[in-house]
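Student: I would like a close look at a single part of this protein. Please take one residue and work outward from there.

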Amino acid sequence: MAGDQVTLLDLWASPFGMRVRIALAEKAVKYEYSEQDLWNKGALLLQMNPVHKRIPVLVHDGKPICESLIIVQYIDEVWKDKAPLLPSDPYERAQSRFWADFVDKKLYELGKKIYTTKGEDQEAAKKDFIDSLKLLEGELGNKPCFGGETLGYVDVALLPFYCWFYAYETIGNFNIEADCPKLIAYCKRCLEKESVSKSLEDPQKVYDFVVMLRKKFNWA
């Protein structure tokens, strides 16, 4: 909408922030990007998200919206004239929310366990991670995207983790494509879209960021 003031408070490596970036790109919404220091949180972030004090936060005409999936839903509702992300059918919309929630609850936590644990705990996290991806592969089926022919809500929720896969694989010493070739092919296909490729970060940079985290918090 013309005249909107839109600012995204974010951290470059955050898969949650990348979700918002993809959604804004799909809707062709112009916005100001504001990189945040999570170890020295600024006044604006604390003011806009006093409850959780974390990114991403979308500030639209001075009003903050927090939590990535809620932000993506908000973007879809406000800028509804272009590239709908959630289906119009109530059942299909509920299914989309279910699988996006699954990504939230499984991939992030299991991915984090892979780079913060060792031995049996890490092996268990790797197995659960692959099992979760296989469930997503089953849901994807033969569709080009989870949203069908076009990018949808589940795609926006899932795709940012693709640029974290290299870090998980390198630290955990395993290969995701060997177990989930259809899912990796899907990710590569979606990367052909500019809204995705320009919103995701370089996997090597993400890996270096994770290595820094492991040293900082003595996870290595």
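Where is arginine 21 found?

Tutor: Arginine 21 is found in helix H1. Keep in mind that this is a predicted model.

Start with the residue itself. Arginine 21 has a relative accessible area of 7%. The cut-off for buried is under 20%, so arginine 21 counts as buried.

Now its surroundings. Setting aside neighbours within four places in sequence, arginine 21 is in contact with Leu8, Asp10, Leu11, Trp12 and Ser14. Tyr31 and Tyr33 are also in contact with arginine 21. Ser199 and Glu201 complete that list.

Two of these contacts carry a carboxyl group of interest. Side chains of opposite charge can pair when their charged atoms come close. Arginine 21 forms a salt bridge with glutamate 201, with 3.5 Å between the closest N and O atoms. The pairing belongs to a wider set: a network of salt bridges links Asp10, Arg21, Glu201 and Lys205.

Next, place this in the domain layout. The domain assignment of the chain gives domain 1 as 6–78 and domain 2 as 90–217. Their C-alpha centres lie 21 Å apart. The contact takes 15 residues from domain 1 and 28 residues from domain 2. Together the two domains bury about 1900 Å² between them. Of that area, 71% is on carbon and sulfur atoms. Trp12, Ile22 and Trp39 supply 32% of the area that domain 1 buries against domain 2. That is more than any other three residues supply.

Polar pairing is found here too. The count between domain 1 and domain 2 is three salt bridges. Across the interface, nine residue pairs are in polar contact. On the side of domain 1 that touches domain 2, helix H1 (15–26) and helix H3 (68–78) each supply at least two residues. H1 gives the most to that side, with eight residues. By class, the side has 11 nonpolar, one polar and three charged residues.

Now compare some other salt bridges. The structure holds 12 salt bridges. Aspartate 101 and lysine 105 form one of them, at 2.5 Å from N to O. These two residues are four apart in helix H4 (residues 90–116), so about one helical turn separates them. Aspartate 101 is partly exposed, at a relative accessible area of 31%. Lysine 105 is exposed, at 54%.

Helix H5 holds another pair. Lysine 127 and aspartate 131 form a salt bridge, with the closest N and O atoms 2.8 Å apart. They too sit about one helical turn apart, because four residues separate them in helix H5 (residues 119–140). Lysine 127 counts as exposed at 53% relative accessibility. Aspartate 131 counts as partly exposed at 32%.

A further pair joins two helices. Glutamate 177 forms a salt bridge with lysine 188, the closest N and O atoms being 3.6 Å apart. This pair links distant parts of the chain: glutamate 177 lies in helix H8 and lysine 188 in helix H9, 11 residues apart. Glutamate 177 is partly exposed at 37% relative accessibility. Lysine 188 is partly exposed as well, with a relative accessible area of 42%.

Stay with those two helices for one more residue. Cysteine 180 is found in the loop between helix H8 (176–179) and helix H9 (181–190). Cysteine 180 has a relative accessible area of 0%, so this residue is buried. Beyond residues up to four places away in sequence, cysteine 180 touches Ile130, Leu133, Lys134 and Glu137. Its C-alpha atom is 9.6 Å from that of leucine 136, although the two residues are 44 apart along the chain.

For contrast, take leucine 44. Leucine 44 is found in helix H2 (residues 43–48). With a relative accessible area of 38%, leucine 44 is partly exposed. Leucine 44 and isoleucine 171 are 127 residues apart in sequence, and their C-alpha atoms are 35 Å apart in space.

Back to where we began. Arginine 21 is a buried residue, at 7% relative accessible area. Arginine 21 is in a salt bridge with glutamate 201, and both are members of the network with Asp10 and Lys205.

Notes
Residues are numbered from 1 along each chain as its sequence is written. This is a predicted model: local features need pLDDT of at least 70, side-chain atom pairs count only at pLDDT 80 or more; totals for chains, interfaces and linings use all residues. Side-chain values use heavy atoms; hydrogens and water are left out. Buried means under 20% relative accessible area, exposed over 50%, partly exposed in between (1.4 Å probe, protein chains only). Contact means heavy atoms within 4.5 Å. Domain bounds come from an automatic or database domain assignment. Buried area is the accessible area (1.4 Å probe) that two parts lose on being put together, summed over both. A salt bridge is a side-chain nitrogen of Lys or Arg within 4 Å of a carboxyl oxygen of Asp or Glu. A polar contact is a pair of N or O atoms within 3.5 Å; within protein, one must be able to donate a hydrogen and the other to accept it, and residues adjacent in sequence count only if both atoms are side-chain atoms. Ala, Val, Leu, Ile, Met, Phe, Trp, Tyr, Cys and Pro count as nonpolar, Asp, Glu, Lys and Arg as charged, and the others, Gly among them, as polar.
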